[in-house]
Amino acid sequence: MTKTHFNVLSLFDGMSCGQLALHKAGITNFNYFASEIDKYAMRITQSNYPNTVQLGNVHNIKANDLPHINLLLGGSPCQNLSQTTINNIKHNQGLQGDKSRLFYEYLRILNETKPKYFLFENVASMTNANRDVISQALECEPIRINSNLTTAQDRDRYYWTNIPVAAQPIDKGIVLADIVEQNPASKYWYAQSFDYLGDNEKVQATLHIKGHDILKRVYNLKGKCGTLTCLKGGNHQKKVLQDGKPRKLTPLEYERLQNVPEGYTSGVSDTQRYNMLGNGWTIDVIAHILQGLVK
Ligand SMILES: C[S@@+](CC[C@H](N)C(=O)[O-])C[C@H]1O[C@@H](n2cnc3c(N)ncnc32)[C@H](O)[C@@H]1O
């Protein structure tokens, strides 16, 4: 650990996108305490930032065991907050769902540690009722930012923070053609047939594979792809049409779509890389918020 008194506690730290974003924002002198339970995510964190102090399960964290915390970060699991439609019925357990109620652990630790600054992130697809519960608990309204301003991915998120954030990030106008690899390995290409939907359609084709409609979407390189998510099975990777043929995006492209440095997640399987990148934060969006600390 470095000799500094700026202590950051990151709950649900995943692969430590919080740490990447602090560096990107120009904040390099801090102690970083992380709460995470996924061994692959922790492996990636420790291989990139060996000084990270891993604290394990959020339920076991007590403020009394920690030094004074200056900044609390966290984006609790969103599975029960994201609205999904199965057989035309909207499913949403909200903040009481087994995963999403971990928000209350964030709240408990916020109240116990009383940091000067906090940042809490979650999906903008949650119901207004759930959003308002969080706003009331954190005593502020969220800022809504779509990662498509800094990358070629739609990722609509709420950020609750008391860090002064002036405006939205600048729109860099990046599209998929700017970030795709030119000759990805054969394992990323699909042999299945597809329906072509048009030169200027965001979803340019639908792939003939089994499963939910979302899995069949093949995105146009002239636009943005849908939100990267953690993988729940085969064929969940986002797909593009390149040289007239459909293929899944590569882990390197997933890194680029989250503004994560290239190769940051290497060292674990492709499946684990997709999974943690789908779970992660868009670095430039978080860095944009954290820059408020510097100013
Ligand atoms: C939405 S992801 C957040 C990812 C993170 N923001 C990043 O930068 O990669 C939620 C994370 O919470 C972790 N998690 C789930 N239950 C937990 C618990 N009880 N204690 C600590 N972390 C937990 C998951 O393993 C997952 O990595």
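Which residues is I179 in contact with, leaving aside its neighbours within four places in sequence? In this predicted model, the list is I174, E253, R256 and L257. I179 has its place in helix α5. With a relative accessibility of 8%, I179 counts as buried, because the cut-off for that label is under 20%.

One of those partners deserves a closer look. I179 and L257 stand 78 residues apart in sequence, while their C-alpha atoms are 7.5 Å apart in space. L257 touches a list of its own once residues up to four places away in sequence are set aside: T151, A152, Q153, L176, I179, C225, L228, L249 and T282.

**The nonpolar cores**

L257 also turns up in the largest nonpolar core, which holds 50 residues. Together with M15, L22, L73, L176 and L290, L257 touches the most other members of that core. Several elements give two or more residues to this core, among them the helices α1 (17–24), α2 (39–48), α5 (176–179) and α7 (251–257), and the strands β2 (31–35) and β4 (71–74). The helices α8 (270–279) and α9 (283–294) belong to that group as well. The most generous contributor is α9, with six residues. Because domain 1 (7–172 + 282–294) and domain 2 (176–257) both supply residues, this core lies between them. A second, separate core has 26 residues, including L95, L110, A124 and I134. As general background, nonpolar side chains tend to be buried together in soluble globular proteins.

**The two domains**

The domain assignment splits the protein chain into domain 1 (7–172 + 282–294) and domain 2 (176–257). Their C-alpha centres are 28 Å apart. Where the two meet, 10 residues of domain 1 are in contact with 11 residues of domain 2.

**The ligand site**

Now to the part a chemist may want to zoom in on. The ligand is surrounded by 17 residues, and the closest are M15, C17, E36, N57 and V58. M15 therefore has two roles in this picture, since M15 is also listed among the core residues that touch the most other members. The table sets out polar pairs between ligand and protein.

| Residue | Protein atom | Ligand atom | Distance |
|---|---|---|---|
| M15 | polar backbone atom | oxygen | 3.1 Å |
| C17 | polar backbone atom | oxygen | 3.2 Å |
| N57 | N or O atom in the side chain | nitrogen | 3.0 Å |

How much of the ligand's exposed area does the protein bury? Taken alone, the ligand exposes 600 Å², and the protein buries 89% of that.

Note on methods
Residues numbered from 1 in each chain as written. Predicted model: local features only at pLDDT ≥ 70, side-chain atom pairs only at ≥ 80, totals over all residues. Heavy atoms only, no water. Core = buried A, V, L, I, M, F, W, Y, C linked by side-chain atoms within 4.5 Å. Buried < 20%, exposed > 50% of the residue type's maximum accessible area, 1.4 Å probe, protein only. Helix = DSSP H or I, 4+ residues; strand = E, 2+ residues; numbered from the N terminus. Domains from an automatic or database assignment. Contact = heavy atoms within 4.5 Å. Near = heavy atom within 4 Å. Polar contact = N/O pair within 3.5 Å; in protein donor to acceptor, adjacent residues only side chain to side chain. Areas by Shrake-Rupley, 256 points an atom, 1.4 Å probe, with all protein chains shown as cover.
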